[in-house]
Amino acid sequence: MAKDPAFLFYPNDWLGGTMTFNRHLKGAYLDLLMCQFNSGRMSMSDIKNVLGESDYNNYWDSSLKKKFIKDENGNFYNRKLEDETKK
């Protein structure tokens with residue numbers, strides 16, 4: 001059976017987890033989540049490509065990095081998204 005092209009989205013969790021993010025930062029975060037959903041765990045190169053140089057420099061270390069875990073291979077993933085994708 002093919003992979004379902006969707007995952008559950010929990011609005012209250014999203015609001016609580018991004019309450020301090022401005023709209024631009026929320027969009028950048030969502031772009032990273034979509035990259036992970038479509039391609040799996042992300043390398044630093046993937047992250048820089050998705051965010052672009054300016055957003056990477058402005059937002060990765062200060063805000064977005066805390067939403068992802070670095071695995072033993074140096075790739076990043078959001079645990080909740082990975083768990084939901086596996087379901």
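**Helix packing and loop environments**

Helices H2 and H3 are oblique to each other in this predicted model. The axes of H2 and H3, the latter spanning residues 44–64, come within 10 Å and cross at roughly 120°. This angle lies outside the range of 65 to 115 degrees that counts as roughly perpendicular and is not over 145, the limit for roughly antiparallel, so the pair is classed as oblique. The crossing of H2 past H3 is left-handed. On the H2 side, the contact is made by His24, Leu25, Ala28, Tyr29, Asp31, Leu32 and Cys35. The H3 side contributes Ile47, Val50, Leu51, Asp55, Tyr59, Trp60, Ser63 and Leu64. Classified by residue type, the contact of H2 with H3 has eleven nonpolar, two polar and two charged residues.

Among the H3 residues of this contact, Ser63 was examined individually. Ser63 is part of helix H3 and has a relative accessible area of 14%; because this value is under 20%, Ser63 is buried. Beyond residues up to four places away in sequence, Ser63 touches Phe21 and Leu25. Leu25 also belongs to the H2 side of the contact with H3. Phe21 is 42 residues from Ser63 along the chain, and the C-alpha atoms of the two residues are separated by 8.2 Å.

A second helix packing involves H2 and H4. The axes of H2 and H4 (residues 79–86) come within 10 Å and cross at roughly 40°. Since angles under 35 degrees would count as roughly parallel, H2 and H4 are likewise oblique to each other. The crossing of H2 and H4 is right-handed, whereas that of H2 and H3 is left-handed. Leu33, Gln36 and Phe37 of H2 meet Leu81, Glu82 and Thr85 of H4. The residues of this contact divide into three nonpolar, two polar and one charged.

Asn78 is found in the loop between strand S2 (76–77) and H4. With a relative accessible area of 8%, Asn78 is buried. A polar atom of the Asn78 side chain lies 2.9 Å from the backbone nitrogen of Leu81, and Leu81 is also one of the H4 residues that meet H2. When neighbours within four places in sequence are left aside, Asn78 is in contact with Tyr29, Leu33, Gln36, Lys67 and Phe68. Of these residues, Leu33 and Gln36 recur in the contact of H2 with H4, while Tyr29 recurs in the contact of H2 with H3.

The loop between H2 and H3 holds Met42 and Ser43. The relative accessible area of Met42 is 0%, and Met42 is therefore buried. Not counting residues up to four places away in sequence, Met42 touches Leu32, Cys35, Gln36, Ile47, Phe68, Asn75 and Phe76. Leu32, Cys35 and Ile47 also take part in the contact of H2 with H3, and Gln36 takes part in that of H2 with H4. Met42 and Ile69, 27 residues apart in sequence, are 10 Å apart in space from C-alpha to C-alpha. In contrast to the buried Met42, Ser43 counts as partly exposed at 22% relative accessibility. The C-alpha atoms of Ser43 and Tyr77 are 9.2 Å apart, although 34 residues separate the two in sequence.

Towards the N terminus, Thr18 occupies the loop between helix H1 (11–17) and helix H2 (23–39). Thr18 counts as buried because its relative accessibility is 1%. A polar atom of the Thr18 side chain lies 2.6 Å from the backbone oxygen of Trp14. Leaving aside neighbours within four places in sequence, Thr18 is in contact with Lys26 and Tyr29. Tyr29 is thus listed among the contacts of Thr18, among those of Asn78 and on the H2 side of the contact with H3.

Asp13 is placed in helix H1 and has a relative accessible area of 42%, which makes Asp13 partly exposed. A polar contact of 2.3 Å joins the side chain of Asp13 to the side chain of Lys80.

Note on methods. Residues are numbered from 1 along each chain as its sequence is written. This is a predicted model: local features need pLDDT of at least 70, side-chain atom pairs count only at pLDDT 80 or more; totals for chains, interfaces and linings use all residues. Side-chain values use heavy atoms; hydrogens and water are left out. Helices (H or I, at least four residues) and strands (E, at least two) are DSSP runs, numbered from the N terminus. Buried means under 20% relative accessible area, exposed over 50%, partly exposed in between (1.4 Å probe, protein chains only). A polar contact is a pair of N or O atoms within 3.5 Å; within protein, one must be able to donate a hydrogen and the other to accept it, and residues adjacent in sequence count only if both atoms are side-chain atoms. Contact means heavy atoms within 4.5 Å. Axes are lines fitted to C-alpha atoms, for helices over the stretch in contact, and angles run from 0 to 180 degrees between N-to-C directions. A crossing is left-handed if the near helix is turned anticlockwise from the far one by less than a right angle, and right-handed if clockwise. Ala, Val, Leu, Ile, Met, Phe, Trp, Tyr, Cys and Pro count as nonpolar, Asp, Glu, Lys and Arg as charged, and the others, Gly among them, as polar.
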